[in-house]
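Hi,

Here is the structure I promised to pass on. Have a look at it first, and my notes follow below.

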Amino acid sequence: MGAALDTGLCLAVAALAWLLGNALQMQQPALWPQASYLALAGLAFAVLVAWRALVRRRPRGALIALWLGLALLAYASTG
């Protein structure tokens, strides 16, 4: 069993991932069709569900899943 994740580290990763997702969306020259943003939001939800499953077993994998899920969700919600 791996060590638990530090709350401060999770919050920092979450904030940076959200900023990255928004920043990437703002760099996009044209908006995609609505369905693509809905699909990205669904993918983000699936990754965040996987994050919850990984938190206790694989802390590094959980941190990557948290980063990816929140970045995708921010990208999809901004579009």
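**What I found**

A23 sits in helix α1. At 39% relative accessibility, A23 falls in the partly exposed class, because that class runs between the 20% limit for buried and the 50% limit for exposed. The C-alpha atom of A23 is 9.7 Å from that of A71, though 48 residues of chain lie between the two positions. Keep in mind that this is a predicted model.

**The overall picture**

The protein chain has 3 helices and 0 strands, so to speak an α-α-α pattern when you read along the sequence. Its C-alpha atoms fill a box of roughly 45 × 20 × 10 Å along the principal axes. Of the 79 residues, 35% are buried. Take the contacts with a separation of 6 or more: 72% of them are between residues 24 or more positions apart.

**Helix α1**

Helix α1 covers residues 7–26, which is 20 residues. At 1.5 Å a residue that should span 28 Å, and the end C-alpha atoms are 29 Å apart, so the two agree. Which residues of α1 are buried? They are C10, V13, A14, A17, G21, N22 and Q25. These residues take up an arc of only 160° around the axis, which means they sit on the same side of α1. The other side of α1 has L11, L16, L19 and M26, which are exposed. The cover over the buried residues of α1 includes α2 (34–54) and α3 (59–78).

If you wonder about that spacing, an α-helix has 3.6 residues a turn, so residues three or four places apart point the same way.

Q25 is one to click on in α1. Its relative accessible area is 4%, so Q25 counts as buried. The side chain of Q25 makes a polar contact of 3.0 Å with the side chain of Q28. Leaving out residues up to four places away in sequence, Q25 touches L31, Y37, Y75, T78 and G79.

**How α1 meets α3**

The axes of α1 and α3 come within 7 Å and cross at roughly 35°. The crossing is right-handed. On the α1 side, the contact is made by L9, C10, V13, A14, A17, W18, L20, G21, N22, L24, Q25 and M26. On the α3 side, the residues are L63, L66, W67, L70, A71, L73, A74, Y75, S77 and T78. Q25 appears in that α1 set, and Y75 and T78 of the α3 set are among the residues that Q25 touches.

**Helix α2**

With 21 residues, α2 reaches 30 Å from its first C-alpha to its last, close to the 30 Å expected at 1.5 Å a residue. Its buried residues are Y37, L40, A44, V47, L48 and W51. Seen down the axis of α2, they fall within an arc of 105°, so they line one face of the helix. They pack against α1 and α3. Y37 is also one of the residues touched by Q25.

What does the face of α2 turned away from the buried side carry? There you find the exposed residues A35, L38, A39, F45 and R52. A35 comes out at 57% relative accessibility, so A35 counts as exposed. The C-alpha atoms of A35 and A23 are separated by 21 Å, with the two residues 12 apart along the chain.

G42 is in α2 too. Is G42 buried or partly exposed? Its relative accessibility is 39%, so G42 is partly exposed. Between the C-alpha atoms of G42 and L19 the separation is 19 Å, and these two are 23 residues apart along the chain.

**Helix α3**

The 20 residues of α3 should span 28 Å at 1.5 Å a residue; the end C-alpha atoms are 28 Å apart, so that agrees. Buried in α3 are P59, A62, L63, A65, L66, G69, L70, A71, L72, A74, Y75 and A76. These buried residues pack against α1 and α2. A71 is the residue whose C-alpha atom I paired with that of A23 at the start, at 9.7 Å.

Cheers

Conventions
Residues are numbered from 1 along each chain as its sequence is written. This is a predicted model: local features need pLDDT of at least 70, side-chain atom pairs count only at pLDDT 80 or more; totals for chains, interfaces and linings use all residues. Side-chain values use heavy atoms; hydrogens and water are left out. Helices (H or I, at least four residues) and strands (E, at least two) are DSSP runs, numbered from the N terminus. The expected span of a helix is 1.5 Å times one less than its number of residues. Buried means under 20% relative accessible area, exposed over 50%, partly exposed in between (1.4 Å probe, protein chains only). The arc is that of the directions from the helix axis to the C-beta atoms. Contact means heavy atoms within 4.5 Å. A polar contact is a pair of N or O atoms within 3.5 Å; within protein, one must be able to donate a hydrogen and the other to accept it, and residues adjacent in sequence count only if both atoms are side-chain atoms. Axes are lines fitted to C-alpha atoms, for helices over the stretch in contact, and angles run from 0 to 180 degrees between N-to-C directions. A crossing is left-handed if the near helix is turned anticlockwise from the far one by less than a right angle, and right-handed if clockwise.
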